[in-house]
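Thanks for coming. I have one structure to go through today, so let us put it on the screen.

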There are 2 protein chains.
Amino acid sequence: MLDLAILGLLHESPMHGYELRKQLGAKLGAIRAAISYGSLYPTLRRLQAAGLITEGAATEPASGAEVPALTSRRGRVVYKITAEGKERFLEMLAQAGPETYEDAGFGVHFAFFSRTDQDTRLRILEGRRRRIEERREGLRDALTRAAERIDAYTLELQRHGLDACEREVRWLEELIATERSGGQPGQGREG
Amino acid sequence: MLDLAILGLLHESPMHGYELRKQLGAKLGAIRAAISYGSLYPTLRRLQAAGLITEGAATEPASGAEVPALTSRRGRVVYKITAEGKERFLEMLAQAGPETYEDAGFGVHFAFFSRTDQDTRLRILEGRRRRIEERREGLRDALTRAAERIDAYTLELQRHGLDACEREVRWLEELIATERSGGQPGQGREG
DNA sequence: GTGCGATGTATCGGCCCGATACATCGAAGG
DNA sequence: CCTTCGATGTATCGGGCCGATACATCGCAC
């Protein structure tokens, strides 16, 4: 899950760890908190061991022709995706397992949707919809079958959860319709 | 986090693991998937080691013979909360740390709100609101500052996230108002 | 010329998950 | 009668991710 996100970002441009974490926060801020370094660095090591990324020091490239102010010559480690990594990224992005439809997993896939084809997008959107519908039915059951035996706060929590499910299903439905008509999300909206 | 939820359920009545998992799913279905046994049993062991719960067998072999040595029939294990466990439960429920305001942590606290006092409820609701407002501002910033440089899908994800944040803040605001007026949630609603 | 917040790399203990294994039980069905 | 099958039930293992922590540098304000 982190693997996919990291490969996706490194696919756009090489980066060092700190920057990677910031970009990750920006890209996935809607679905999860900023990632921990306790996850980031071990994951980078794993990806490197698998040959999907390479590690290179960001030292000065000698000739002083062009130097952006952003690069210092300290021990920053810049990670770069390999050809195999790019391949694996697209593969992971397209193939959907059960966790692809959970909150975090879906968010990551969705955030990189622009790198997939329409079929894949539709498949994942519909899988997610199914998943949320299941959750919704579970909450509906809990609410209708046992509303009297549940205390007011638990009840209220479930109502709010149910509302969120219904809302997300509608959102997904719109996205699916847009996708089928060949459009891109966000069209016809202004605010 | 699991500790709190388990203590809360065992506070209502003694239970064995399987049942505990089901109840957990029913109580917290709105905020998280069913809990894994790989979390449940180690947590039970931890709580037991801490003296917060006790373990008692509920099955009677009833034959005069001794229990067979190797891998014989395992009785169901019923867990029961201790006096110290009840004390600790109320303590954990009332004291709020940073994770109390994250999704899962907040959900657990909220689900057991009926066992706390109004001051605690208000404190936690307001802390959660603050947390969601921070998330909302982060998304707003990302959307206004860099809307042109983000691809349509990431953008759409952030819009949806922002919408969910705004919605939850409104929900919390209503709950806080209700709480201040001394009411219980869910009043004056019919659907 | 010093403190201080942002940048930057890295590890450690611990929670939690999915996969897996094993065992019992009642009902369905040939 | 017996067998299959799904629900009930306890338990472990490897691994991912987190929060806490440590340590070092940079730029800048005071």
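I will take the conventions, then the DNA surface, the chain contact, two helices and the core.

This is a predicted model, in which local features need pLDDT of at least 70 and side-chain atom pairs count only at pLDDT 80 or more, while totals for chains, interfaces and linings use all residues. Residues are numbered from 1 along each chain as its sequence is written, and chains are lettered from A and ligands numbered from 1 in the order in which they are written.

DNA strand C to begin with. There are 20 residues around the strand, and A:His16, A:Gly17, A:Gly38, B:Gly38 and B:Ser39 come nearest; near means a C-beta atom, placed from the backbone, within 6 Å. H2(A), H3(A) and H3(B) each supply at least two residues of this surface. Helices here are DSSP runs of H or I, at least four residues, numbered from the N terminus. H3(B) has the largest share, 4 residues. By type, the surface has 8 nonpolar, 9 polar and 3 charged residues. Asp, Glu, Lys and Arg count as charged, Ala, Val, Leu, Ile, Met, Phe, Trp, Tyr, Cys and Pro as nonpolar, and the others, Gly among them, as polar.

Next, the two chains. Chain A and chain B put 28 residues each into the contact, where contact means C-beta atoms, placed from the backbone, within 7 Å. On the chain A side, H2, H5, H6 and H7 give two or more residues. H7(A) gives the most, with 11 residues. That side divides into 15 nonpolar, 10 polar and 3 charged.

Is H5(A) mostly covered or mostly open? Mostly covered: 7 of the 9 residues in this helix, 103-111, are buried, meaning 20 or more other C-beta atoms within 10 Å of a residue's own, placed from the backbone. Among them are A:Phe106, A:Val108 and A:Phe110. The cover includes H1, H2, H4 and H6 of chain A, together with H7 of chain B.

H6(B), residues 118-145, also has a partner across the chains. Its buried residues, including B:Ile124, B:Leu125 and B:Leu139, pack against H2 of chain A as well as H5 and H7 of chain B.

Last, the core. The largest nonpolar core has 71 residues, and A:Leu10 and B:Leu10 touch the most other members. Such a core is a set of buried Ala, Val, Leu, Ile, Met, Phe, Trp, Tyr and Cys residues joined through C-beta atoms within 7 Å. Beyond four places in sequence, A:Leu10 is in contact with A:Met15, A:Ile53, A:Tyr79, A:Lys80 and A:Ile81.

Notes. Buried ≥ 20, exposed ≤ 12 C-beta atoms within 10 Å, placed from the backbone. Contact = placed C-beta atoms within 7 Å.
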